[in-house]
Amino acid sequence: MFPFEIDETTDVPLWVQLRQRIAYLINSGYFKPGDKLPTVRGLASETSINYNTVNKAYLSLVSDGYLESTRGRGVFVTDIARMVGTEQFEEVEGVLDDCIASCRELGMEYDDIERAMSRKIKRLKYDEAQKLGEVPGGRIVDFEQSRMQADMGAPGVGAEGSRAGAGAHGGAGEGVETGAETRAAQVKGA
């Protein structure tokens, strides 16, 4: 049984009463993060409240971050403690926006910025792990960077060699048999 009673002595609309009760139950710990609440239809039936009234209360709680609704799965309690950290999240977003704007002013494209940030984070993680003795000495090989250099024909990467092999056989597969084609030809000839 859902713990809710309608207070008919108040002027507070029914959907607000329901909304406040559910919010109280979440804040008090009665409902824990991840708990599944009854469906709108189920709660409406259980409490004898109109479907639209329950739906309005749920939508308000979803809007305020108390609940998360997933079509086909149901309505779940969100982690309020996680939501409290949104101020820090907004601050981080501001710092990242400034960083990206500075990189753009330097003429970098978004993809270049993303790769540079990824490399920097990998390097910081590696350095930190090495300080803790978790990683033996060595090098980090950035395959994405190596591939980009190969595509641009950087010397010493072997891009020419990989392309020359295809061109030596007439390109576009002319005069080149795959293993499957060779086996098919052998079967026909046999």
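Of the 190 residues in this protein chain, 22% count as buried. Keep in mind as you look around that the model is predicted. The surface tells a companion story: about 14,000 Å² of the protein chain is exposed, and carbon and sulfur atoms supply 53% of that area.

Let's turn to the secondary structure. The protein chain contains nine helices and three strands. If you follow the sequence from its start, these elements appear in the pattern α-β-α-α-β-β-α-α-α-α-α-α. As for how the chain contacts itself, take the contacts with a separation of 6 or more: residues 24 or more positions apart account for 38% of them.

Now zoom in on one pair of helices. Two packed helices are described by the angle between their axes and by the distance between those axes. Here the pair is helix 2, residues 40-47, and helix 3, residues 51-63; they pack at an angle of about 125°, and their axes lie 9 Å apart. Because angles of 65 to 115 degrees count as roughly perpendicular and those over 145 as roughly antiparallel, that angle makes helix 2 oblique to helix 3. The crossing of helix 2 and helix 3 is right-handed.

Which residues make the contact? Helix 2 contributes Val40, Arg41, Leu43 and Ala44, while helix 3 brings Tyr51, Val54, Asn55 and Tyr58. Sorted by character, the residues in this contact of helix 2 with helix 3 comprise six nonpolar, one polar and one charged. The charged one is Arg41 of helix 2 and the polar one is Asn55 of helix 3, so you can pick both out by eye among their nonpolar neighbours in the contact.

Key. Residues numbered from 1 in each chain as written. Predicted model: local features only at pLDDT ≥ 70, side-chain atom pairs only at ≥ 80, totals over all residues. Heavy atoms only, no water. Axes fitted to C-alpha atoms, helices over the stretch in contact; angles between N-to-C directions. Helix = DSSP H or I, 4+ residues; strand = E, 2+ residues; numbered from the N terminus. Parallel < 35°, antiparallel > 145°, perpendicular 65-115°, else oblique. Left-handed = near helix turned anticlockwise from the far one by under 90°. Contact = heavy atoms within 4.5 Å. Buried < 20%, exposed > 50% of the residue type's maximum accessible area, 1.4 Å probe, protein only. Areas by Shrake-Rupley, 256 points an atom, 1.4 Å probe, with all protein chains shown as cover.
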